[in-house]
Amino acid sequence: MERLDTPLETADLVSAAQQGDAWAWERLVEEFSPMLKARIRRFRLSHEDAQDVLQTTWMLAWQNLGSVEDGQRMAGWLATIAFRECLKLTKRTREICTPDLDSLGSTDDVDRELARIWLAGTLAELVEELPAAQRVLFRALTETSEPHYVDVARRLGRPVGSIGPTRARCFAKLRGLLQAREITRDFLD
């Protein structure tokens, strides 16, 4: 089946994958693996354990894909599977994988670190509310510590000149979503 170079909505990909479309499944794996890896990293697992959790998450997702009724909720569904698998692993090994809050010093430092961890999770949820093009760009820009617009544009098949304006619209939308939840800079200070 010939594919077009137009972005598909997550719901369309989920629906196609449920019908057995291997290409759609591969696109879902490609789209959501960075988010899953970031969530799994929060548990501070070994590289091997993190890879096992990621693989198990995708295996369970494949086995239960038919139960997904709303494809737009795919990110949350996958994140929940990964979270549960991380919890299972940490319970099995009896290791509590939390940030080393004792090493932070003052109560204010601990509060800031907890707020940062919470905000990172909230940000991942808000990114899912972005329009598809902005969501894809946000992920591409945040996958590396120093993204280059030329590389991002090439990878996404977009003109280099469109990256900056799309990024600005994306960040403005995220700021609006944060403000709607009453999360401001004062919240973190």
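Which residues are exposed on the other side of H3? In this predicted model, they are Glu48, Gln55 and Gln63. The side they stand opposite is made up of buried residues: Ala50, Val53, Leu54, Thr57, Trp58 and Ala61. These buried residues cover an arc of only 130° around the axis, which puts them on the same side of H3. The helix itself has 17 residues and reaches 24 Å from its first C-alpha to its last, close to the 24 Å expected at 1.5 Å a residue.

One of the buried residues of H3, Trp58, leads to the aromatic rings. The structure holds three aromatic pairs. In one of them, Trp25 and Trp58 meet edge-to-face, with 5.5 Å from centre to centre and 90° between the planes. Trp25 belongs to helix H2 (residues 22-41) and Trp58 to helix H3 (residues 47-63), so this pair ties together parts that are 33 residues apart in sequence. Both rings belong to buried residues: Trp25 has a relative accessible area of 14%, and Trp58 is at 10% relative accessibility.

Trp25 also pairs with Trp62. Their ring centres are 4.9 Å apart and their planes are at 65°, so this pair too is edge-to-face. Since Trp25 lies in helix H2 and Trp62 in helix H3, the pair ties together parts that are 37 residues apart in sequence. Trp62 is partly exposed, at 45% relative accessibility. Trp25, Trp58 and Trp62 form one aromatic cluster.

Charged side chains make further links. The count comes to seven salt bridges. One of them joins Arg135 and Glu31, at 3.8 Å from N to O. Arg135 lies in helix H6 (residues 132-142) and Glu31 in helix H2, so this salt bridge ties together parts that are 104 residues apart in sequence. Arg135 and Glu31 are both buried.

A second contact of H6 involves Arg139, which forms a salt bridge with Glu128, the closest N and O atoms being 2.2 Å apart. Glu128 sits in the loop between helix H5 (107-127) and H6, while Arg139 is in helix H6, 11 residues apart. Glu128 is partly exposed at 21% relative accessibility, whereas Arg139 is buried at 9%. Salt bridges that share partners join Glu31, Glu128, Arg135 and Arg139 into one network.

Another salt bridge lies within a single helix. Lys88 and Glu85 meet at 3.1 Å, N to O, and both lie in helix H4 (residues 74-93), three residues apart, about one turn of the helix. Lys88 is partly exposed at 44% relative accessibility, whereas Glu85 is buried, with a relative accessible area of 12%.

Definitions and conventions:
Residues numbered from 1 in each chain as written. Predicted model: local features only at pLDDT ≥ 70, side-chain atom pairs only at ≥ 80, totals over all residues. Heavy atoms only, no water. Phe/Tyr/Trp six-rings, centres within 6.5 Å; stacked < 30°, edge-to-face > 60°. Helix = DSSP H or I, 4+ residues; strand = E, 2+ residues; numbered from the N terminus. Buried < 20%, exposed > 50% of the residue type's maximum accessible area, 1.4 Å probe, protein only. Expected span 1.5 Å × (residues − 1). Arc of directions from axis to C-beta. Salt bridge = Lys/Arg side-chain N within 4 Å of Asp/Glu carboxyl O.
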